[in-house]
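Good morning, colleagues. Please take a moment to look at the sequence and the structure before I begin.

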Amino acid sequence: MIAQSTVPERRTIVVVGNGMVGHRFCERLVELDADHQFNVVTFCEEPRAAYDRVGLSKYFTHRDAGQLMLADPDWYAQHGITLHIGDRVERIDRFAHQIYSREGRVLPYDILVMATGSAPFVPPTPGVDLPGVFVYRTIEDLDRMLAWGATSRRAAVIGGGLLGLEAAKAVIDMGLEAHVIEFASRLMPRQLDDRGSNVLVDKIESLGARVHLNKSTKQIVGDDRVRAMQFADGAELEVDMIVVSAGIRPRDELARECGLDMGPRGGVIINESLLTSDPDIYAIGEVALHRGMIYGLVAPGYEMADVLATNLTGGRREFQGADLSTKLKLMGVDVASFGQYEADADVAKSLTFEDPLAGVYKKLLVTSDGRHLLGGMLVGDASDFTRLLSLCRSGKPLPGPASELIIGTSSAATAQEMGDDCQICSCNNVTKAALCAAVQGGVTNLGELKKCTRAGTGCGGCLPMVNDLLNAELQRAGHAIDRSLCEHFPFSRQELFQIIKVKQYRTFAELIQGHGRGHGCEICKPAVASILASLWNEQILDRNHATLQDSNDRFLANIQRGGTYSVVPRVAGGEITPEKLIALGEVARKYGLYTKITGGQRVDLFGAPAHQLPNIWSELIDAGFESGHAYGKALRTVKSCVGTTWCRYGVGDSVGFAIRIENRYKGLRSPHKLKGAVSGCTRECAEAQCKDFGLIATENGYNLYVCGNGGTKPRHADLLASDLDEETCLKYIDRFLMYYVTTADRLTRTAVWLEKLDGGIQHLRDVVIDDKLQIAAELEAMMQRVVDTYRCEWKDVVNDPAKRQFFQQFVNTKETEPDIEIVSERGQQRPADWPSDVVPLSQLTLPNGQKYGSNTDDCTWVRVGVTTDFPVDGGATIRYGYTQIAVFNFASRNEWYATSNMCPHKREFVLSRGILGDAKDEPKVACPLHKKTFSLKTGHCLTGEPYSIDTFPVRIDGDDVLLWVPPPGRLSQGPAIEQRRCDSSSHTSCADATHGSELSATVTA
């Protein structure tokens, strides 16, 4: 008798929709389905798998859909999930338990999960179907907007809510004049009151957008395209483009057609188990209607996905609704709301704080006895959001007077005071208890903590608190907090600065021999190079320093897409003669460079290959220019308005003083870039209060502001001193900058440095003005040394044949070749868009049909140069047939290596310019574009990505350098530009780990 199998038959789950919530359900089911009870099939109607729709506006920065992906399509296959991309479910047969797809698939299901999400609500306004009207929902929507925006000047966004302001930011990023049209009397009417909206409006309009409130669009007019908007009040606004972001509607048509119970205004009705009116169909995300509510945020959708995955795998949880608290950065402005922000005066009291100068508004609602926090809103400064949300959700009595909630406390203290059930990461519902448990289980760094808990992997707003909790928990367990710069130095940057200064070290080799271990890396080498330059100001391309530099400093230019560089000559104070402008134009035209005016009042020339830089700069220096240090962690610009030179309101010579300041501090290396400005009056046209240091002229002199910042986290500068003459200004700036250079951490802007400085601005005044530490004279002397030893770095290169040779494209031939594909746009040239993914090596074939790396029998030793062609502890490129190979002289290890020159991440030919180092004695090179690191022995990517590089044996015979390589046709059958395309008919020299292992070799010279 044959025994019957007791293995239960696997049930089939069909997930309709592969957005963020649908993906999250798949992800959680994989984690919880330890018994492999289910076969999972998911349908994705878009041309790519799930991506980060919350971060959609980032697409305008990088134009790379791959950077938004939540998981590679291979992830689904690896976990047994069938993913149908570009196919949508058209019909559900509930009685036959089958679905029918657009592509003709008919699949049975045991359980069906509806995760169809929502669609943009487009009001039925006359003219809304005209060309030039867009919605803001998918990557394809953004591509269409970009294409249309290339010929547009002004765009309007209908809707002033969360999505509308995201769309407005996208419009600004496209370089268009932006107008926000809101029907209500305030922006974000569901999250903000009138005062909060007013602050947000001021902040947004300061960024260049126009906000129109109380506006009802009557019709959109145009013929073959949008021309204008007409409003109910009779006003009209001329526009070339419109983005509709007026809310969402659930994608519930499938559910409606198959007869599921629906809400009166749409949405699939679900219970606490996420179950619909059909016992085998569930709904999650924005299609689901729970207790009359459709949640338009990702966090409630993630919670639904977690609950459903738990219940299907044997757990018991209920979805009890979700908090609508949110924290976002809209157009660079922090906005957050939580709990209630309005209530009757007899049951609640409000506390408000408003700083119109800094653009900050806070409103908190507490019970009438002041003992419990009910909710609030934060505009301009949401740093206390996590702490306040925790107090609101806990329902516990406040730890002190309610007024202290507005004042705030340090995050390090509040992290320890929070209850264990406090939700730290609202995107992924991670509590303090979960984070602490992970640290107690052995996690010792932020990267590991993010990986095992998912905290901080959503919007990232909770990361400061997550890091504080990590450090607090490590300290509580008796672990010392490791503030080492990297594995090669058990010291912070500040400690290394003092060591180098006291020991008078002049080279990295001296420092690592005396106080370090190993051979350095892409973290410590540039940091030490910066310290050496700040102290001794030696030429950074001298033999002892050149290969310590990051690619920008190493080639005295900013590396850009395609591995080309931008050229930014100094234009001190923004003042330039017509003759110099003409010279810039002639150089740009001669070398085919893309030109753009920078925000710092300079001209940026993009697209210069490294080997052309010396020739370009030779012509610029002959025209009277000098290095602008746009490539360095150094002083960039000192911006100015025209001041008394031309302006009728000017009270100070802002141009003259800005030129004097910029020429004084040019070349100063620092922990991060430095920007300054001088305004000729209090109208502040030079924006001095958002710079690292800024001056505003008054009737009595200049007011000096410090530690301001624009960028991703704007910070208003602090007033250091008032009514100063020019000499006192320079004295204080000398002290301020050198104190910052001496004490700041690596890659820390002055704004962050001041926020972490004990005593804050008052301590800084004590040091800079009152000389509390008795170091003012020393700081001034250090600065004067930098000023006295300044040399134009590019002039040194142009006049030094040995340094010019360093920029040669190939060391074994004078010939050159293009590394990138160029396209035209708006009358100028730019690099073609990056490919969206990496072609697996298994898909690459050789001309003879063999798989790459399958046969090495015909390899021979080929001479590629002499040892002096390759920089000490650095790399250079050789051309072999149509292949570029990077050869590295790792002199401090007495070893040589060779690899393909293409980094497979973005397929750019740049690896020879990367910094050499080691990780736990494994020799590595860091790609200069995105710091992906690769083993020089195996070719493996050491940062965890699923690709690798080819490696080749190297032999040193006397002074000759030889490589063990197959015939040129085995490596490539087209020029480098074809290698970059990396398709089945043009082959890169990327290799998988097996091939890299076969060919890798270490040679002792």
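I shall start with helix 9, which spans residues 385–394 and is mostly covered, with eight of its 10 residues buried. The buried residues are Phe385, Thr386, Arg387, Leu388, Leu389, Ser390, Leu391 and Cys392. Please keep in mind throughout that this is a predicted model. Just after helix 9 comes Gly395, whose phi is positive, at about 75°.

Let me turn to the sheet. Five strands make up an open sheet in the order 21-22-25-24-23, with antiparallel pairing. Which strands form the edges? They are strand 21 (326–330) and strand 23 (348–355), each of which pairs on one side only. On average, and with direction ignored, neighbouring strands of this sheet are turned by 10° against each other. Strand 22 (residues 333–339) and strand 25 (residues 373–379) run antiparallel and are joined by five bridges. Within this pairing, Ser337 stands opposite Met377 of strand 25. Helix 6 (residues 194–206) packs on the sheet, where it touches strand 22, strand 23, strand 24 (360–367) and strand 25. The direction of helix 6 makes about 160° with that of strand 24.

My next topic is the aromatic residues. The structure contains 19 aromatic pairs. One of them joins Trp75 and Tyr76 in an edge-to-face arrangement, 5.0 Å centre to centre and with 85° between the planes. Trp75 and Tyr76 are both buried. Another pair, Phe736 and Trp753, is tilted, at 6.1 Å centre to centre and 55° between the planes. Because Phe736 belongs to helix 22 (residues 726–743) and Trp753 to helix 23 (residues 750–756), this pair ties together parts that are 17 residues apart in sequence. Phe736 and Trp753 are likewise both buried. In addition, ring pairs link a cluster made of Phe555, Tyr565, Trp617, Trp794, Phe806 and Phe807.

Rings also appear beneath charged groups. The charged end of Arg955 sits over the ring of Trp861, 4.8 Å from its centre. Similarly, Arg506 places its charged end over the ring of Trp536, 4.4 Å from the ring centre.

Arg506 leads to my last residue, since His545 is in contact with Arg506, Leu532, Glu538, Gln539 and Ile540, leaving aside its neighbours within four places in sequence. His545 lies in the loop between helix 17 (524–536) and helix 18 (551–554). Is His545 buried or exposed? Its relative accessibility is 6%, so His545 counts as buried.

Thank you for your attention.

Technical notes:
Residues numbered from 1 in each chain as written. Predicted model: local features only at pLDDT ≥ 70, side-chain atom pairs only at ≥ 80, totals over all residues. Heavy atoms only, no water. Helix = DSSP H or I, 4+ residues; strand = E, 2+ residues; numbered from the N terminus. Buried < 20%, exposed > 50% of the residue type's maximum accessible area, 1.4 Å probe, protein only. Contact = heavy atoms within 4.5 Å. Phe/Tyr/Trp six-rings, centres within 6.5 Å; stacked < 30°, edge-to-face > 60°. Lys NZ or Arg CZ within 6 Å of the ring centre and 35° of its normal. Pairing = 2+ DSSP bridges. Axes fitted to C-alpha atoms, helices over the stretch in contact; angles between N-to-C directions.
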